[in-house]
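Trainee: I'd like to learn how to read a model like this one feature by feature. Can you walk me through it?

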Amino acid sequence: MANYAEMWKDLGMDLEAHDALCAVLPTAFGDVYLSQENRPEGMGFWDMVVADIHGIRPAELIEAQKKGQKVFGTFCVYVPDEVVIAADGIVTGLCGGSQFWVPGGEKVLPKSTCPLIKASVGARLERTCPFFRIADMYVGETTCDGKKKAWEILGQDVPMHIMDMPQMKRPQDVKKWEDEIKAFAHVVEEFTGNQITPEKLGDAIHIINEKRKALARLYEARKAKNIPISGRDALLVMQIAFFDDPVRCAQMTNKLADELEQRIADGVSVFPAGTKRILLSGTPMAIPNWKLHQIIETSGAAVVCEENCTGTRYFENLVDETKNTLEEQYAAIAQRYMGVNCACFTPNTGRVDDILRLAKEYDVDGVIDVNLKFCCLYDTEGYTVEKALKDAGIPVLGLETDYTDADAEQLRTRIQAFVEMLG
Ligand code: SF4
Ligand code: SF4
């Protein structure tokens, strides 16, 4: 790791606590990632990014800020990056995926809050993540109750804009979301001092669509019989996509996809023939939450797809690029984002349809439906998801977990039994 101590100090970070975090990450990464065999060469880029995860990209963001650009921190795949980019702003994801940050969150939030929210709040308040220090403005959303209340606490510490999400997807709700996007655009324009024009918004839509297409190519490769990349590696690409420059993300992902397509043509796989194929559905897996992928892929199975926000929900469906006026473009953006199926909506039958479709497309042997502890939305929807899968004759295992390792052995036992049951 290069020495970024001065930068972290200038960001007002707690250097001692941060050192403790930096000390555990390389071991965890080594155990989960570097221990794998026959990884695609293209993963070298993501290994490099992770090795300096609190250095390289934060330094780039600070440079951009010096040139007058504003950085917006987001927590949900419904917040449209296009609007920020059209105003020459930068987006960085802020969801926390480490147990390291959870106790900090528990100082101000009920213990019975999902670990993702606790980790995100802890990372900010304990001053141990540069991304949380760099963002000039946070953008929250009214998706789940835990987040809504967390914004009130975070908002005391940092400028915050909250997007009011509809709870249903009727035509009037999509229209409401369109209005909310326009209101967000107005805030972004004011904050950056840059006006959004149809040309700039058109360019931004194209940039994000290209990133989505590249990520879709990566996933397409995972449909192959000889699986050219592990689920762990694909998850890492997705997790970093929330932080990286979108043009570079598309470029590097396309390069990786080239290699994967060549591997498919050459019959190269990272798993032995006959390895059971698993679709993971459920709650998001923010970096560095690699826990379930690691357990599954060291228990004789392969994760070939993630139906979650660090998976297909992030890149499926494009924004229509044929619109030329701001009015039409905002409507097109609203349409695309309302196509994302999160459990915060009711009814949410689209998500069950997605899972059944993905199970078929990725030719999976079974589905593991995962819930982050205390996420009432996905937990409740798990009933409907599991019933639909059973009705379709697709084996399913429902799991609940958090960021600790306390349940790792118990999870391993259940997952091994599930994989064995798949035959
Ligand atoms: S699970 Fe729902 S609330 Fe969470 S990031 Fe995804 S869309 Fe947003
Ligand atoms: S996992 Fe559930 S409780 Fe946690 S932030 Fe997402 S929707 Fe909210």
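**Strands, helices and ligand shells**

Mentor: Sure, and keep in mind that this is a predicted model. Let's begin with a strand: in β2 (residues 90-93), Ile-90 and Thr-92 point one way while Val-91 and Gly-93 point the other way, and all of them are buried.

Trainee: What is the general idea behind those two directions?

Mentor: In a regular strand, side chains alternate between the two faces of the sheet.

Trainee: Which strand is joined to β2, and in what sense, parallel or antiparallel?

Mentor: The partner is β1 (residues 71-74), and the two run parallel, joined by four bridges. To find the register, look at Val-71, whose bridge partner in β2 is Ile-90. Now follow the chain: from β1 it goes through helix α5 (residues 81-86) and on to β2, a β-α-β crossover that is right-handed.

Trainee: Where else can I practise on a unit like that?

Mentor: Try β7 (366-372). It pairs with β8 (residues 396-401) in the parallel sense, over six bridges. Val-367 is the residue that stands opposite Val-396 in β8. Together, β7, α18 and β8 form a β-α-β unit, again a right-handed one.

Trainee: Let's switch to helices. How do I read α17?

Mentor: Start with its length. Helix α17 covers residues 349-361, 13 in number, and spans 18 Å from its first C-alpha to its last, close to the 18 Å expected at 1.5 Å a residue. Then ask which of its residues are buried: they are Arg-351, Ile-355, Leu-358 and Ala-359. These four lie on the same side of α17, because they cover an arc of only 105 degrees around the axis.

Trainee: And which exposed residues sit on the face turned away from that buried side?

Mentor: That face carries Thr-349, Asp-353, Arg-357 and Lys-360.

Trainee: What lies across from Ala-359 in space, though far along the chain?

Mentor: One residue to check is Val-304: its C-alpha atom is separated from that of Ala-359 by 9.7 Å, with their positions 55 residues apart along the chain. Val-304 belongs to strand β6 (residues 301-307). It counts as buried because 28 other C-beta atoms lie within 10 Å.

Trainee: So neighbour counts settle burial. Is Gln-329 buried or exposed?

Mentor: Gln-329 is buried, because it has 26 other C-beta atoms within 10 Å. You'll find Gln-329 in helix α16 (residues 326-337). Gln-329 also makes a long-range pair with Pro-198: they are 131 residues apart in sequence, yet 7.7 Å apart in space, C-alpha to C-alpha.

Trainee: Now the backbone. What should I expect of phi and omega in general?

Mentor: Most residues other than glycine have a negative phi, and most peptide bonds are trans. With that in mind, look for the exceptions.

Trainee: Where are there cis bonds here?

Mentor: One is the bond from Ile-287 to Pro-288, with omega near 0 degrees. Pro-288 sits in the loop between β5 (276-282) and α14 (291-297). Another cis bond joins Thr-346 and Pro-347, where omega is about -10 degrees. Pro-347 falls in the loop between α16 and α17.

Trainee: And which non-glycine residues have a positive phi?

Mentor: Take Arg-127, with phi of about 60 degrees. Its place is the loop between α7 and α8 (130-134). Arg-127 is partly exposed, because it has 18 other C-beta atoms within 10 Å. Asp-363 has a positive phi as well, near 50 degrees. That residue lies in the loop between α17 and β7. Asp-363 counts as partly exposed because it has 13 C-beta neighbours inside 10 Å.

Trainee: Last topic: the ligands. What surrounds ligand 1?

Mentor: List the shell, then sort it by class. Around ligand 1 you find Cys-76, Val-77, Tyr-78, Thr-143, Cys-144, Pro-284, Cys-309, Val-340, Cys-342 and Cys-344. Sorted, that shell has nine nonpolar residues, one polar and no charged ones.

Trainee: And how does the shell around ligand 2 sort by class?

Mentor: Eight nonpolar, three polar and one charged. Its members include Cys-114, Leu-116, Ile-117, Thr-143, Cys-144, Lys-147, Thr-283, Cys-375 and Tyr-378. The elements giving two or more residues to this shell are α7 (115-125), α9 (145-154) and α18 (376-391).

Definitions and conventions: Residues numbered from 1 in each chain as written. Chains lettered and ligands numbered in written order. Predicted model: local features only at pLDDT ≥ 70, side-chain atom pairs only at ≥ 80, totals over all residues. Near = placed C-beta within 6 Å. Nonpolar A, V, L, I, M, F, W, Y, C, P; charged D, E, K, R; others polar. Buried ≥ 20, exposed ≤ 12 C-beta atoms within 10 Å, placed from the backbone. Pairing = 2+ DSSP bridges. Right-handed = clockwise from strand over helix to strand, strands pointing away. Expected span 1.5 Å × (residues − 1). Arc of directions from axis to C-beta.
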